[in-house]
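Okay, thanks everyone. Let me put the structure up on the screen, and then I'll talk you through one interface.

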Number of protein chains: 6
Amino acid sequence: MRITAYRKAHFNAAHRLYRQDWDDKKNAAIFGKCNNPHYHGHNYDLTVGVTGDIDPETGYLIDLKILKDIIKKEVENALDHKNLNLEVPEFKELNPTVENIAVVIYNKIKRVLDERFELEITLYETPRNFVVYKG
Amino acid sequence: MRITAYRKAHFNAAHRLYRQDWDDKKNAAIFGKCNNPHYHGHNYDLTVGVTGDIDPETGYLIDLKILKDIIKKEVENALDHKNLNLEVPEFKELNPTVENIAVVIYNKIKRVLDERFELEITLYETPRNFVVYKG
Amino acid sequence: MRITAYRKAHFNAAHRLYRQDWDDKKNAAIFGKCNNPHYHGHNYDLTVGVTGDIDPETGYLIDLKILKDIIKKEVENALDHKNLNLEVPEFKELNPTVENIAVVIYNKIKRVLDERFELEITLYETPRNFVVYKG
Amino acid sequence: MRITAYRKAHFNAAHRLYRQDWDDKKNAAIFGKCNNPHYHGHNYDLTVGVTGDIDPETGYLIDLKILKDIIKKEVENALDHKNLNLEVPEFKELNPTVENIAVVIYNKIKRVLDERFELEITLYETPRNFVVYKG
Amino acid sequence: MRITAYRKAHFNAAHRLYRQDWDDKKNAAIFGKCNNPHYHGHNYDLTVGVTGDIDPETGYLIDLKILKDIIKKEVENALDHKNLNLEVPEFKELNPTVENIAVVIYNKIKRVLDERFELEITLYETPRNFVVYKG
Amino acid sequence: MRITAYRKAHFNAAHRLYRQDWDDKKNAAIFGKCNNPHYHGHNYDLTVGVTGDIDPETGYLIDLKILKDIIKKEVENALDHKNLNLEVPEFKELNPTVENIAVVIYNKIKRVLDERFELEITLYETPRNFVVYKG
């Protein structure tokens, strides 16, 4: 019996969108207000979905406490109250768009999640903009 | 890297459900309160999802400002503060159920959206009733 | 022990804003898109608050079932799936702005509510616009 | 034209997680606070999704009133204000995890739903934990 | 400069409504489904509001971490995943209506909060029913 | 007839909490993660409430379009996608706590709002923390 279980989490961070190999004019043209060199920030709302078979013994897909701890360690400790551009190694060369942040979170969780599970990341950057990434 | 990006929007409109080729009695029996000849109305909450590959140069799937402008032009300008039955050409012959409104919105956006994207429409008619249409 | 208990409800309706004693030009100038002669509509989200003393015997301020029934009878039956301008007597001469709708709902409930309670009406016309009226 | 229509509902219930064939120590180790022998409880938020083709005559996928009545009869009447372990036959031998409750709701609705529809159950146990089950 | 700062929290619990000094018939008549002797349960959403003057040195009304810790210790540890009737001393003789639970939470927090603050408790029992208590 | 009308808005910004006249150690001790010298950020959800008498001629308290334009000009243009510490003059010497941001917003709107209205600012810094300021 295949099911998906979801756990919601939350972090906030500062970022700016830009490419080091573009000049200021091109960065401003492409990324607009999100290119502000003094940074701006967001409350990111995260939903992590895990798909697999219900364990007939416990009735759990996964003990959600395990998933909560993975999110705490891999996502919240790494990203919460951080400047993504300056303090998070994955964004040293990678533009921290909401798409790329979702991919980074997927990869960080995938590495430590039991391989029998499929993974799905929903990430809200604002209440009106969000992405879904399934690897 | 395939991802779906979503943008939320909002419009409100009046409508009634009925078929011109049915008599009043049949219209009332099938559509109940929604058949009120004086119209009623809704706040429609819309989520537009676009699926494709992340552009490795920008880190964007699509510049959400482009998507926002498409929604403004194709949906909000056409439907907001309108009487769907009387003022929106697509519903001249088509019953404006939430299912049909979602299909009309899908077709209007699909026509102008870059063809490399898949499209997905979520439309809430009330906080408890909504539909998802993917073409 | 003074407390306020709240009950949420919901109705949807069509309306237009205008004054019969103004010409079309003035109505359009003051009420903009809301003046559309073909009507538009909303999902109205209503929260009814009742203030008084907790009954020491039951631990209730008011049996919320009683409040739910009052809302059903006085508000939902009167306004849901209606055209406020054409079908609701209170708006025969009164412009159905969200402010006036809140006052009408207050008066309808006040009339039948036990007089030991104070009453408070919160009415959302859209997810971003709402009013609070306390008599 | 394939579409999915959703209807939201709500019920609340008491439950505890445990297996009769495990001793208290193992039950406590695996299920933690959820194993409390005096029970705890939740407000369960349910979204029922139905997928099929839009009826070209009515513009409906399904009359949502029919779906609402099915949910009322099969889910709300059976589970609302109940102790799932003691009063709901399906959980006599089955641990009432959110995964298993979703499967039970799926099976109860599937049995009475027109077989041309696919069914999808979303069940929130808390605002942060939920599951999706599609059979 | 007088301001109110709010912190949200969450707990879930089982309860039933009844008075020991009433017979079963009267309890059932007054409390309906909430009187179920096998208990039912809720996710309680709590908002704690604290009013006072902004500290000109820090710009804080209160360090919200202090408020969060008070809520954790006084409310969550005492009520979360509990049977209110059987396991919480305050409800030994007191009917655990949402009104009374709000009063109990107010008293528990008031006792440990710096006395220069006013306190306000908002407690949701379901998404549609809630109370506000200010002492 | 006295009523309060509310309009919601949204902006996001980067900030850090600190006092220039304190050393790093004291700043870190008092403001914790919020003191990160590289900044972090938030989506701020704002609700502006205006209280006064309903205009009997229009049925409006205030044309909400006027209020929307004030919020756009005084708040969104000044704060959205900004670094509050570096780019907003009001926070040159003032710590940008959520309390102080609410006071600054109150003062900016109060200055341009018709003086017959009372003003009320609700500001969410995260989904769980918010303040209300009424001057």
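I'll go through how chain E and chain F sit against each other. Keep in mind that this is a predicted model.

Let's start with the symmetry. Turn chain E by 120 degrees, with a shift of 0.0 Å along the axis, and you can lay it on chain F with an RMSD of 0.0 Å. So what we have there is the relation of a three-fold axis.

Now the contact itself. Chain E puts in 21 residues and chain F puts in 20. Between them the two chains bury about 1700 Å², and 55% of that is on carbon and sulfur atoms. Which residues of chain E lose the most area to chain F? Those are Tyr6(E), Lys8(E) and Tyr60(E), and together they account for 31% of what that side buries.

On to the polar side of things. If you're hunting for salt bridges between chain E and chain F, the count is zero. What the rule does find across this interface is eight residue pairs in polar contact, both partners at pLDDT 80 or more. On the side of chain E that touches chain F, strand β1, residues 2-15, gives the most, with nine residues. By type, that side of chain E splits into eleven nonpolar, five polar and five charged residues.

And that strand brings me to the last bit. β1(E) pairs with strand β5 of chain F, residues 129-133, in the antiparallel sense, over five bridges. Look for Tyr6(E) again here: it stands opposite Phe130(F) in β5(F).

That's my tour; happy to take questions.

Conventions
Residues numbered from 1 in each chain as written. Chains lettered and ligands numbered in written order. Predicted model: local features only at pLDDT ≥ 70, side-chain atom pairs only at ≥ 80, totals over all residues. Heavy atoms only, no water. Least-squares fit on C-alpha atoms with pLDDT ≥ 70 in both. Contact = heavy atoms within 4.5 Å. Buried area = accessible area lost by both parts, 1.4 Å probe. Salt bridge = Lys/Arg side-chain N within 4 Å of Asp/Glu carboxyl O. Polar contact = N/O pair within 3.5 Å; in protein donor to acceptor, adjacent residues only side chain to side chain. Helix = DSSP H or I, 4+ residues; strand = E, 2+ residues; numbered from the N terminus. Nonpolar A, V, L, I, M, F, W, Y, C, P; charged D, E, K, R; others polar. Pairing = 2+ DSSP bridges.
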